[in-house]
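Work through the following exercises with the sequence and the model at hand, and try each task before reading its solution.

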Amino acid sequence: MKTLTFETTIRAPRARVWDTMLGPETYKAWTAAFCEGSHYVGSWEQGAKILFLAPSGDGMTSVIAENRRHEYVSIRHLGMIENGVEDTTSEKVRAWTPAYETYRFEDVPGGCHLTVTLDTAPDFEQDMRDAFPKALALLKGLCEA
């Protein structure tokens, strides 16, 4: 596993960045950089199960490890969903789980500094390096509009 970090400063209040990042419709807009039609099913409340899905229904099954409103959210990825089947126990999944993805929101002059860290398997590292800057640019555009 490798931990990657991405950062951006957004000219918008921290609460707006948080709400835009996690809102169901705006989530779809900024995560289109990963997969057009990406969405989630579930809750961002601490301890809640949440599924991150492609339009096909394939995706990841996760739990919100920590949620401090407008400050920090940590996602613990536990497995994959393929062809409607949730897999948290196969050797393939156990090789990279649990994996964490965190978002830290900090006030800075003129807006919010967002820091993203995520654990990624070597097979997905380049995809994340390519897509995350694009996704954060989309999020920034939504927040600053």
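**Exercise 1.** Determine which residues leucine 139 touches, not counting residues up to four places away in sequence, and then place leucine 139 in the largest nonpolar core.

*Solution.* In this predicted model, the residues that leucine 139 touches, once those up to four places away in sequence are not counted, are Ile10, Thr20, Met21, Trp30 and Leu114. The next step is the largest nonpolar core, which has 29 residues, and Leu139 is listed with Met21, Trp44, Tyr103, Phe105, Val116 and Phe132 as touching the most other members. As for the origin of this core, β1 (2-10), α1 (14-22), α2, β3 (49-53), β5, β7, β8 and α4 (122-144) each supply at least two residues, and the largest share, six residues, comes from α4.

**Exercise 2.** Find how many aromatic pairs the whole structure holds, and follow the ring contacts of tyrosine 40.

*Solution.* A search of the whole structure yields eleven aromatic pairs. One of them joins tyrosine 27 and tyrosine 40, whose ring centres are 5.0 Å apart and whose planes meet at 85°, an edge-to-face arrangement. This pair links distant parts of the chain, since tyrosine 27 belongs to helix α2 (residues 24-30) and tyrosine 40 to strand β2 (residues 39-42), 13 residues apart. Tyrosine 40 also pairs edge-to-face with tryptophan 44, at 5.3 Å centre to centre and 75° between the planes. Turning to accessibility, tyrosine 40 counts as buried because its relative accessible area of 15% is under the 20% cut-off, and tryptophan 44 is likewise buried, with a relative accessible area of 10%. Tyrosine 27 is buried as well. Finally, ring pairs link Phe6, Tyr27, Trp30, Phe34, Tyr40, Trp44, Phe52, Tyr103 and Phe132 into a cluster.

**Exercise 3.** Work out in which sense β7 pairs with β5 and with β8, and name a residue pair for each.

*Solution.* Begin with strand β5 (residues 72-82) and strand β7 (residues 99-108), which pair in the antiparallel sense over six bridges; here tyrosine 72 stands opposite arginine 104 in β7. On turning to β8, one finds that β7 and β8 also pair in the antiparallel sense, over eight bridges, and that tyrosine 103 has valine 116 in β8 as its bridge partner. The two strands β7 and β8 form a hairpin with two residues between them, and glycine 110 in the turn has a positive phi of about 85°.

**Exercise 4.** Decide whether threonine 120 is buried or exposed, and list its contacts beyond four places in sequence.

*Solution.* Threonine 120 lies in strand β8 (residues 111-120). Its relative accessibility is 4%, and therefore threonine 120 counts as buried. When neighbours within four places in sequence are left aside, threonine 120 is in contact with Met1, Lys2, Leu4, Glu125 and Met128.

**Exercise 5.** Describe the largest pocket through its volume, the residues closest to its centre and the elements that line it.

*Solution.* The space in the largest pocket comes to about 850 Å³. Its lining is made up of 34 residues, of which Phe34, Phe52, Met60, Glu101 and Met128 are the closest to the centre. Two or more lining residues come from each of α1, α2, β3, β4 (59-68), β5, β7, β8 and α4, and α4 gives the most, with five residues.

How values were computed
Residues numbered from 1 in each chain as written. Predicted model: local features only at pLDDT ≥ 70, side-chain atom pairs only at ≥ 80, totals over all residues. Heavy atoms only, no water. Helix = DSSP H or I, 4+ residues; strand = E, 2+ residues; numbered from the N terminus. Buried < 20%, exposed > 50% of the residue type's maximum accessible area, 1.4 Å probe, protein only. Contact = heavy atoms within 4.5 Å. Phe/Tyr/Trp six-rings, centres within 6.5 Å; stacked < 30°, edge-to-face > 60°. Pairing = 2+ DSSP bridges. Core = buried A, V, L, I, M, F, W, Y, C linked by side-chain atoms within 4.5 Å. 1 Å grid on protein atoms, 1.4 Å probe; cavity = no way out; pocket = protein on both sides within 12 Å on 5 of 7 lines; lining within 4 Å. Points joined across faces, edges and corners; volume = space filled by probe spheres on them.
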